[in-house]
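Thanks for asking me to look over this one. Could you keep the structure open beside you while you read?

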Amino acid sequence: MSLSLHLPEDIRFVVFAWGKRRLSCLESDVPLVWHGEWLRLHGWRNPIAVVFLDGYDHVGANYRKRLGALGYHLMDAGEMASDLLRTRPGLRRFNRSEQFWFLRWLVMAQLHVAWSANLHLIHIDGDLVFLDDPIKVADSVAGKTFILQGCPCFTVISDRVWYSEWEKGLSLFIEHPEVVRAGAIRSLNSPRLNPREYGNVLCCDPNYIHDQNLMEYMIADGQLRQARASEVFGPPYYWIQNPLFPTEWRAEQDVDSTARLRVENGRWRVDGRLLPLLHFQKDFVRHCLRALLLDRLGLWRRYAACLHLDPERRAYHEQGRKVRRALDTILWPCRNHRRLVYQLTLAGCHGPARLTRIMDELWT
């Protein structure tokens, strides 16, 4: 293994990056600089490694230097990713991003070996923002192995057997996709492991299997190890993977049904528990932009109900569709501007109140 891929011992998290976009587009979509500045603002040490599966040279030395100055540890794993892809030519039927979604876990396995066999390593997506000291968050899940509430946006690996299980499942999918699809259909109807008991959301589409869907199925079928929800969801944190459904795992976390999100001393809390992070996935970014626009236009009271979601269908209610379309038309040029949403909902004296208001409307 290349020595350049060795992880310093103070690294706890790995975020993967790829692609050859302009820096302005990269930072609006995956605001690593903003997040690094956010960590520094709070006095938190940055324990995150940014591993480039592609595009390391493309982002330029100045950008890499800026990330390094913010405490990130940077690595170029492009050659490793290419070598892994060459041994799995079946992945070439997927687009480039989908290939990297599958391959990043194989790269992470090698990084984990190079780092330490005795420590846990945590994968995070680039759209996660820490709301508490990331070192404390990492320490709270030490010794556990799980993906958070059915999504690998926050994946803790303490038992490295997880990697071999993943590789076995991936190899079967590459060689015999029809077998995996049939198994996924069976699991949707009758999972071997209760999704609620294992903190898993089983809503994979057998006709479109990417890494998250494959993990959901493998966990439900007992092929991929996953800690029980009761082991993961203890204090001091209240874990939300999908902020569009913030109460989805309320019962498993013993949070009172009347509790609401509040900001106290610069920290978001629910029923005395801290929010460790927030996942600004694309759907939530667009939801926030709609809500912020309604507020800016002075139409919040009148049309806020148009942004309500049905947790059973995991979709917006039919009523309000025309209002959402009108908002989306206005917002089209910035519909995916994640950095803008970070700035408007987290920073400044008004940001936290805006975020709390948006989340309160989603609380059911």
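The points below go from the overall fold to the cores, and then to the empty spaces.

1. **Overall fold.** Please keep in mind that this is a predicted model. The protein chain has 15 helices and 13 strands, and its C-alpha trace spans about 55 × 50 × 40 Å along the principal axes. The radius of gyration is 20 Å, which agrees with the value near 21 Å for a compact globule of 364 residues.

2. **Burial and contacts.** Of the 364 residues of the protein chain, 55% count as buried. If you take the contacts with a separation of 6 or more, 73% of them come from residues 24 or more positions apart.

3. **The largest nonpolar core.** Which residues have the most contacts inside the largest nonpolar core? They are F154 and F284, in a core of 80 residues. Helix α11 (residues 282-296) gives the most to this core, with eight residues.

4. **Around F154.** Leaving aside residues up to four places away in sequence, F154 touches F13, I122, H123, I124, L128, V137, F146, I147, L148, W239 and L277. You may like to show these side chains together. There is also a second, separate core of 47 residues, and V14, L53, W162 and V180 are among its members.

5. **The largest pocket.** About 1,400 Å³ of space lies in the largest pocket. Its lining has 50 residues, and W101, D125, D127, Q281 and K282 lie nearest the centre. Elements that give two or more residues to this lining include β1 (13-17), α1 (23-29), β4 (121-124), β7 (151-157) and α9 (211-220). Helix α11 is also one of these elements. The most comes from α5, with five residues. By class, the lining divides into 21 nonpolar, 13 polar and 16 charged residues.

6. **The second largest pocket.** This one has a volume of about 340 Å³. It is lined by 20 residues, with F245, E248, P311, E312 and R314 the closest to its centre. Eleven of the lining residues are nonpolar, four are polar and five are charged.

7. **The largest cavity.** How many cavities of 30 Å³ or more does the structure hold? There are four. The largest cavity contains about 70 Å³ of space. Its lining is made up of A17, W18, G19, K20, R21, L26, F52, D54, G55, H58 and V59, which divide into five nonpolar, three polar and three charged residues.

8. **The second largest cavity.** Here the space is about 50 Å³. V15, L32, H35, I48, Y72, I124, D125, G126 and L128 line this cavity. Six of these residues are nonpolar, two are polar and one is charged. Two names return from earlier points: I124 and L128 belong to this lining, and both are touched by F154. D125, also in this lining, is one of the residues nearest the centre of the largest pocket.

9. **A closer look at H35.** Is H35 buried or exposed? H35 is buried, because its relative accessible area is 6%, while the cut-off for buried is under 20%. This histidine lies in helix α2 (residues 32-41). Not counting residues up to four places away in sequence, H35 touches I48, Y72, L128, V129 and F130. The C-alpha atoms of H35 and L53 are separated by 20 Å, with the two positions 18 residues apart along the chain.

Notes
Residues are numbered from 1 along each chain as its sequence is written. Side-chain values use heavy atoms; hydrogens and water are left out. A nonpolar core is a set of buried Ala, Val, Leu, Ile, Met, Phe, Trp, Tyr and Cys residues joined through side-chain atoms within 4.5 Å. Buried means under 20% relative accessible area, exposed over 50%, partly exposed in between (1.4 Å probe, protein chains only). Helices (H or I, at least four residues) and strands (E, at least two) are DSSP runs, numbered from the N terminus. Contact means heavy atoms within 4.5 Å. On a 1 Å grid over the protein atoms alone, a cavity is a set of points where a 1.4 Å probe fits but cannot get out, and a pocket is an open set with protein on both sides within 12 Å along at least five of seven lines; lining residues have an atom within 4 Å of a point. Grid points are joined across faces, edges and corners, and a volume is the space filled by probe spheres set on the points. Ala, Val, Leu, Ile, Met, Phe, Trp, Tyr, Cys and Pro count as nonpolar, Asp, Glu, Lys and Arg as charged, and the others, Gly among them, as polar. The radius of gyration is taken over C-alpha atoms; the globule rule is 2.2 Å times the number of residues to the power 0.38.
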